[in-house]
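Me: I should like to understand how the labels used for a protein model are justified. Please take them one at a time and set each value against its rule.

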Amino acid sequence: LRILALTQVCGSTGSLQPEHPKICLPRTLRQTYIRKVGDTVNLLIPFQGKPKPRATWTRDGRALDASRVSVRSGERDSILFIREAQRADSGHYQLCVQLGGLEATATINILVIERPGPPQSVKLVDVWGFNATLEWTPPQDTGNTALLGYTVQKAETKSGLWFTVLERHHRTSCVVSDLIVGNSYAFRVFAENQCGLSETAAITADLAHIQKAATVYKTKGFAQRDFSEAPKFTQPLADCTTITGYDTQLFCCVRASPRPKIIWLKNKMVIQGNPKYRALSHLGICSLEIRKPGPFDGGVYTCKAVNSLGEASVDCQVDVKAPPGSPTAARVFSRSFGTASGLG
């Protein structure tokens, strides 16, 4: 027997031709790769080549800092990993795949950004009419990227609440309009980039006082209207019939100025302070609640309103009946039936 071993490079027919190395750079990495400070950078770059090519990484032409960047290369891809990105990690990263005398390279531009610093030297330049002019200088630190603009806010000294008047304003000056006469305003300016607004804002040292115009108004004299009147019921009490043991309420409406005193009576006897009754009066609406009325709670109820200009009253009849099927109702029915039979 004869055994013949074959490899990727050599065989019974001779050596195989090496495959030219090629890097398959993802589309998202063909433009600047932007991350925020503290984010993780994890890039997987596929490549081709036979036999296994050698992959090396550099940054701006120099070797990578092993304490900041980790690299792992396999047969078909290479991974670049940064656990917590810092602004110092920004730069041009080059991947070189070599196979013999052949090689392929790819460059990835990584930009690590953060929020910008606040603008500087915000000044209140002028105040006229209902307007105020502001000026400021750009922040010293833009967060490692271009600014998107400035956000301008105003606050009244009375409330202290901030309201946005301009967003992503590109100039370093502006005019704030529609200010209210008689109020004083403070202003503050934020810088903004892709990460958001600056953590702090620059505030004006001076307040903008919107002065009232020196206008003299002449008003015509007028007679003060007297709204005083004696009590008058606009809605009277209504007669009602209720069942023994069921709460009943009486309602009426009265108009008077000054506010009248409300007095409730039953059969011309004052019932104020009796726990069986609850009287309420609100905005001219008067109510009396009869709690669990009994046979002796029927009668004529009166609501009287009294003030310094006079008084008025309204009456109603309240009848209390026993519930159907009760002994009292049966006795009443039997009496009525006997009387009717005697008449017959």
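Reply: A salt bridge is a side-chain nitrogen of Lys or Arg within 4 Å of a carboxyl oxygen of Asp or Glu. Please keep in mind that this is a predicted model.

Me: What makes the pair Glu-229 and Arg-255 a salt bridge?

Reply: The side chains of Glu-229 and Arg-255 meet at 3.0 Å, N to O. The limit is 4 Å, so the label of salt bridge applies. Glu-229 belongs to strand 21 (residues 229-235) and Arg-255 to strand 23 (residues 248-257), so the pair ties together parts that are 26 residues apart in sequence.

Me: Why is Arg-255 called partly exposed?

Reply: Its relative accessible area is 40%. Buried means under 20% and exposed means over 50%, so a residue in between is partly exposed. Glu-229, at 26% relative accessibility, therefore also counts as partly exposed.

Me: How do you know that Asp-60 forms a salt bridge with Arg-59?

Reply: The closest N and O atoms of Asp-60 and Arg-59 are 3.9 Å apart. This value lies within 4 Å, so the pair is counted.

Me: Why is Glu-289 called buried, whereas Arg-278 is called partly exposed?

Reply: Glu-289 has a relative accessible area of 12%, which is under 20% and therefore buried. For Arg-278 the value is 40%, so this residue falls between the two cut-offs. The side chains of Glu-289 and Arg-278 meet in a salt bridge at 3.0 Å, N to O.

Me: What makes the aromatic pair of Trp-136 and Tyr-150 edge-to-face?

Reply: The angle between their planes is 70°, and planes over 60 degrees apart count as edge-to-face. The centres lie 5.5 Å apart; the limit for a pair is 6.5 Å, so the rings qualify. Trp-136 lies in strand 13 (residues 131-137) and Tyr-150 in strand 14 (residues 149-156), so the pair ties together parts that are 14 residues apart in sequence.

Me: How do you know that Asn-193 is buried?

Reply: Asn-193 has 1% relative accessibility; the cut-off is under 20%, so the residue counts as buried. Asn-193 is part of strand 17 (residues 184-193).

Me: What makes the approach of the Asn-193 side chain to Glu-114 a polar contact?

Reply: The side chain of Asn-193 reaches the backbone oxygen of Glu-114 at 2.8 Å. The distance limit for a polar contact is 3.5 Å, so this value satisfies it. A polar atom of the same Asn-193 side chain lies 2.9 Å from the backbone nitrogen of Cys-195.

Definitions and conventions. Residues are numbered from 1 along each chain as its sequence is written. This is a predicted model: local features need pLDDT of at least 70, side-chain atom pairs count only at pLDDT 80 or more; totals for chains, interfaces and linings use all residues. Side-chain values use heavy atoms; hydrogens and water are left out. Helices (H or I, at least four residues) and strands (E, at least two) are DSSP runs, numbered from the N terminus. Buried means under 20% relative accessible area, exposed over 50%, partly exposed in between (1.4 Å probe, protein chains only). A polar contact is a pair of N or O atoms within 3.5 Å; within protein, one must be able to donate a hydrogen and the other to accept it, and residues adjacent in sequence count only if both atoms are side-chain atoms. Rings of Phe, Tyr and Trp (its six-membered ring) pair if their centres lie within 6.5 Å; planes under 30 degrees apart count as stacked, over 60 as edge-to-face and the rest as tilted.
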